[in-house]
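The following note sets out points for a colleague who is examining this entry. Each point may be checked directly against the coordinates.

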Amino acid sequence: MGAEIAQVTPLSPQQDGGQPRPADRARPADRARRGDGVLPDVGVLPVLPALRELLPGGLPRGSVVAAGDWSLLCLALAAGASLAGAWCAIAGLPALGVAAAAGAGLDPGRLLLIADPGAGWPHVLASLLDGCDLVLLRPPSQPSAQVRRRLEAVTRRHGGVLVVAGDWAGAQCRLSVARQEWAGIGTGHGRLRARRVQVVADGRGAAARPLSRWLWLPGPDGAVTAVSAGHGEPEAGGGPDIGELGIGELGIGELGIGWPGDAIPRRSAG
Amino acid sequence: MGRARGAARRVLAVWCPDWPPGTPDSGPEARGFEQVVAAVEKFCPRVEVVRPGMCAIGATGPARYFGGEESLARKITDAVTALGFACRAGVADSLFAAQLAAQAPGLAPGLASGPAPGSAHAAAPGPARTGAPGRAGLPGLIVAPGGTRAFLAPYPVSVLDVPEFADLLPRLGIWTLGDFARLPAAEAANRFGAPGKRAHRLARGLDARPLAPRQPSADLSVHVDFDPPADQAEPVIFAAKTAAERMHAGLAARGLACVRVQVQATCADGQDITRLWRHAGLLSALAVAERVRWQLDGWRAGRDPDERSPGETALTGGITRLRLVPDQLVRAEGRQLGLWGDAVISDRVARAATRVQAMLGHAAVMRPVLAGGRDPAEQVTLVPFGDSGTPLLPAGRPWPGRIPAPAPATVYPVPRPARVTDDSGTTVTVTGRAVVSAPPARLSADGGPWLTVTAWAGPWPVNERWWAAAVSARRRARFQLVTGDGNAWLAAVQDGGWLIEASYD
């Protein structure tokens, strides 16, 4: 297994700027089989620019990434590949907000939703991996070690990427949210504008050294962006400063009528 | 075969009290009546279904063939009773009279289960036996030719089933159909208009309109029998390919194509396993065979004892019959993909999606279509893979008051009940003028642990579709709440209770 992973050496972000690179590193067998795919035939699926520092190599084909129970983080992981033209399947997340997925960058036109994969979900997952480049799964039940290894082998064979919303013992990479702060909302005024999140990535092999980055997850328009360098670490105890996003300029007027915001008389606001 | 002008026209109505008059025309109840119609069709191919529970045939021809009206009525009622449905028959000169004759109470000792208690006609006072009453043993009534007007005369005008007449005519001193029929036809038409003219024809024992028989539809399905039962999938798939070719040839001969195919496999133990397959283009014979393979594979996977979910249908004892039924016929016009704009689904994705559909069912694999609407839950319409659908609420309209971006990442299909209290533990309420009783301090979703509310905004009142009070009207006051664990929620107060609509996790 390790040998196969080593063959899809991560591309450094400086080198390729996140663009899929000619398939010089993909396995020949893969290249032949993937000829009908929509994505250019490379060994990695691209990720959003905001996630490039956390996942310097993108998402290597055949790998498993665990992203905990943070729905938007899972969607952000899948968004890069979807933007590049890959088909994504989302299984076991019946309450997924498709509008949020679209905001994060997933193309709803290339999305398959399987709300309930049922008790035979390993079969379903294997079928989905055959057709889709990326599968986001919340396993309905904890798989046995044998089933888990078999599914990892299926993922490698089909050259897909499995993003697990939850934990997965054999994941090559794990992402988690360490801290989160909402911006734009007060006690009785404002509204949810953006969330600043510290995401920590660790894993095996090349990803063994934990990396941590601050992201807007989501940003004010639903997109996922990196918190700019000057504002990387919010001062301890201080509330998030929404001025740095330029949200202050958006004003309440852009929301249009019918979203009255603070215009409602309130007897006992904070 | 024509009928001499003026010759008595005879109608036989079959009434099944199992279907009360209010039964909707579509739906499973109405489809159950198909069995009765099929049984009656054996006697006369042109059956008119009046409503679920009542159908009629022209009786003149069949009566000659089956040895008289009484014999025909007896044969039909026996055939329907054999299916397990209570049934009565009535024969008269008009459809209206035949229906009443079929429902005439208390004439047939042979009728085991009486007329449905909900039937308005059953409560009507028994008419005098002016026609030839049914003989003992015949569940039904035969009104002699020419006796129809006299048969109808004692019935109250309410049987016309025109609400305004049921009220108006008695006030004019017209209580029975006989009274009404005595009015000159022209006067009835003058005074009561077209409905009055129709009702007057009915009261005189004529037909308000000629019988409109339903055409028996040609059976376009094909089937293959396996003897001995096929244990392996391969022979079934091979046979499916030739069967699909035959089905397509049969359709093409009529200039038709089908959008869906129903694949029905019958197992040796009598179990039927059915799946509907749809394809945006035409299903070629190979494509049908491939779908049969997926369907069988799906059942095989379901048969694995360690991985089968309870209640799942499983293949048992080999397959004895495979039947392909074309569904949703369209005129064969060929199909051309748009040069631009059509989302092209690669074969690889389609194959994977269809295979999952074989395992979980057609509606298990959905494609989202972004829609309009104000709720986060409304803003997406799910369409089964392979179907095409347009959202009910169009996207791209302003939708003032919709939840602004960023959208919540988790939208509960059914809002979760919640409790939100203020500092003193009292539930927070919102007045009709959108005034909050107290700042929300604590939140418990679905009876879960209490979380401290660290930030909140709202209320944003929503009063939607007030004009459709019974269907979809809604008054809500929305809040955004941030709790101590860092999660943010979209909550709403409706009818004094708190709901969590979505979570920004």
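1. The model is predicted. A convenient place to begin is chain B, where β2(B) and β3(B) form a hairpin with two residues between them. In the turn, B:Gly53 has a positive phi of about 105°.

2. The strands of this hairpin are β2 (residues 48-51) and β3 (residues 54-58) of chain B, paired in the antiparallel sense over three bridges. Within that pairing, B:Arg51 stands opposite B:Met54 of β3(B).

3. Strand β3 of chain B also takes part in the surroundings of helix α4(B), since the buried residues of α4(B) pack against β1 (11-15), β3, β4 (88-92), β5 (140-142), α5 (148-152) and α8 (185-203) of chain B. Is α4 (residues 95-103) of chain B enclosed or open? Nine of its nine residues are buried, so the helix is largely enclosed by the rest of the structure. Among the buried residues of α4(B) are B:Leu95, B:Phe96, B:Leu100 and the two glutamines, B:Gln99 and B:Gln103.

4. Further along chain B, a closed barrel of six strands runs β12-β13-β14-β15-β16-β17, with antiparallel pairing. From one strand to the next, the twist averages 40°. Strands β12 (residues 410-421) and β17 (residues 497-503) of chain B pair in the antiparallel sense over five bridges. In this pairing, B:Ala418 has B:Trp498 of β17(B) as its bridge partner.

5. Chain A has seven helices and eleven strands. It comprises 270 residues, of which 48% count as buried. Among contacts in chain A between residues at least 6 apart in sequence, 66% join residues at least 24 apart.

6. A helix pair links the two chains: α6 (residues 121-131) of chain A and α11 (residues 347-360) of chain B pack at an angle of about 165°, with their axes 7 Å apart. Because of that angle, α6(A) is roughly antiparallel to α11(B). The crossing of α6(A) past α11(B) is left-handed.

7. Which residues make the contact of α6(A) with α11(B)? From α6(A) come A:His123, A:Val124, A:Ser127, A:Leu128, A:Asp130 and A:Gly131. The contributors from α11(B) are B:Arg348, B:Val349, B:Arg351, B:Ala352, B:Ala353, B:Arg355, B:Val356, B:Met359 and B:Leu360. By character, the residues of the contact divide into eight nonpolar, three polar and four charged.

Terms used
Residues are numbered from 1 along each chain as its sequence is written. Chains are lettered from A and ligands numbered from 1 in the order in which they are written. This is a predicted model: local features need pLDDT of at least 70, side-chain atom pairs count only at pLDDT 80 or more; totals for chains, interfaces and linings use all residues. Axes are lines fitted to C-alpha atoms, for helices over the stretch in contact, and angles run from 0 to 180 degrees between N-to-C directions. Helices (H or I, at least four residues) and strands (E, at least two) are DSSP runs, numbered from the N terminus. Angles under 35 degrees count as roughly parallel, over 145 as roughly antiparallel, 65 to 115 as roughly perpendicular and the rest as oblique. A crossing is left-handed if the near helix is turned anticlockwise from the far one by less than a right angle, and right-handed if clockwise. Two residues are in contact if their C-beta atoms, placed from the backbone, lie within 7 Å. Ala, Val, Leu, Ile, Met, Phe, Trp, Tyr, Cys and Pro count as nonpolar, Asp, Glu, Lys and Arg as charged, and the others, Gly among them, as polar. Two strands pair if DSSP finds at least two bridges between them. A residue is buried if 20 or more other C-beta atoms lie within 10 Å of its own, exposed if 12 or fewer, and partly exposed in between; C-beta atoms are placed from the backbone.
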